[in-house]
Amino acid sequence: MNILEIIEKKKNKLALSTEEIHFFVNGFTAGEIPDYQISSLLMAIVLNGMDDREIYDLTDAMLHSGDVMDLSELGGNVVDKHSTGGVGDSTTLALAPILACCGVYVAKMSGRGLDFTGGTIDKLESIPGMDIALSEEEFRKVVKEVGCCVIGQTGNLVPADKKLYALRDVTGTVDCIPLICSSVMSKKLASGSDIILLDVKFGTGAFMKTKEDALLLAEKMVNIGNRAGKSVGALITDMEQPLSDHIGNALEIVNIIDVLKGKKSRLYNELKEVAVKLLSLTDKYDEQSATVAFEQAIESGRALDKLAEMVKAQHGDERYIYHPELFKLGEMLPVYAQADGFVTAMNTAEIGRACTALGGGRMKKEDPIDYSVGIKMDVMLGSEVKKGDVLCYIYHNGKNVEHAVKQLQDAIIIGSERPQPHKIAYAFVDKDGVHLY
Ligand code: URA
């Protein structure tokens, strides 16, 4: 077996055998197959797809490329949530402490930014001292003692995804159902959780552009999870505009601190939707009691304290959680509307790319991140604006500023008619099928 034959086979739209899939995943993980050959194969997969059996084999090969965590000592109710990626999506970092306050364990392994989407791990690292590379032993200890812990894919958990993810980010091979499905599910199955909620996004700021594609991806992921004996559900959620009005690493942390203090916003509504669904998948809650538990965790201030506790346990400076003014942010620059009308649409991926261009994300694998840059939206879909009104503020340190201003003015589309309001969630998928809202 050799990698050239495998690339040729996929180029010619043929299905790869189980052995071929394990061969390229293991060879790449071991450093025996170079990036350029895997890049070529990834592009062939993007263009020619994979059938369900190939996707299952790819997930399985990636899952077994490293260790599989066993958290059975926590006695069940270890939950996990995974977003397929969006712009201004800091749900995980607010959700983990909320869920821990509701009596379930959150053992979460998150990723870095991918293409135009932000990464939970990059956001966490904007808190000075924060250690996202805890040893497995420390990770277990924090989960057990605090109730929640969020780290990167450290150690030997799904090393295949760590390498593939970084390569996909810089080779235009992200938006592909088989690759997203295997990337997400290999990590979820390796991380030892019993109950998994997938947040599958669609729209201009998601890898899936349509509801139909998001549903297809959700069904494939739920099936793989069920086949592996886990309780898995998937929410189909809207990403036609940034999930929150703060985009950028430190800015998003500042925003979740406000949400955990009770600020009502689109992010709050999404958090509630995700938390209630996830808690209802456990044997502790139904939807009604989950809603009450969610609200109490925030209103009592316990969720904010829990975030500070988690940050401290991960060696971060918890003073930043109680004093967000300590975060260093870039210089502020307003971006103005160039016409009267309503915000009728947003090219949300371009808003994410503007943040990357300012230094908030990576163009190359090894690029450093500037945590202090980002965008604060002053308008959302449906806002009425007059020429010269502020659309958003850029936080910058002088990098690509003019480019970002133009990108944002083009991405926020102003028309004459107010668009229909967008729901947060459109459907839920579980072992019984699709439930439309
Ligand atoms: N999130 C992941 O973990 N992997 C992907 O491929 C896309 C989103």
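A residue counts as buried when its relative accessible area is under 20%, and as exposed when that area is over 50%. The structure described here is a predicted model.

Helix α13 covers residues 287-299. Within α13, the buried residues are A290, A293, F294, A297 and I298. Viewed down the axis of α13, these buried residues fall within an arc of 125 degrees, so they line one face of the helix. An α-helix has 3.6 residues a turn, so residues three or four places apart point the same way. The face of α13 turned away from the buried side carries Q288 and E299, which are exposed.

The buried residues of α13 pack against four elements: α5 (91-101), α11 (249-260), α12 (266-281) and α14 (302-313). The length of α13 can be checked as well: at 1.5 Å a residue, its 13 residues should span 18 Å, and the end C-alpha atoms are 18 Å apart, which agrees. After α13 comes G301, with a positive phi near 80 degrees.

In soluble globular proteins, nonpolar side chains tend to be buried together. The largest nonpolar core of this model has 153 residues, and F24, L198 and I375 have the most contacts inside it. Leaving aside residues up to four places away in sequence, I375 touches eleven residues, among them I247, L251, I351, L358 and L408.

The ligand is surrounded by H82, T84, L114, Y165, R168, I180, S183, V184 and K187. Polar side-chain atoms of R168 and K187 approach oxygen atoms of the ligand, with R168 at 2.8 Å and K187 at 2.5 Å. The side chain of S183 has an N or O atom 2.6 Å from a nitrogen atom of the ligand.

Definitions and conventions. Residues numbered from 1 in each chain as written. Predicted model: local features only at pLDDT ≥ 70, side-chain atom pairs only at ≥ 80, totals over all residues. Heavy atoms only, no water. Core = buried A, V, L, I, M, F, W, Y, C linked by side-chain atoms within 4.5 Å. Buried < 20%, exposed > 50% of the residue type's maximum accessible area, 1.4 Å probe, protein only. Contact = heavy atoms within 4.5 Å. Helix = DSSP H or I, 4+ residues; strand = E, 2+ residues; numbered from the N terminus. Expected span 1.5 Å × (residues − 1). Arc of directions from axis to C-beta. Near = heavy atom within 4 Å. Polar contact = N/O pair within 3.5 Å; in protein donor to acceptor, adjacent residues only side chain to side chain.
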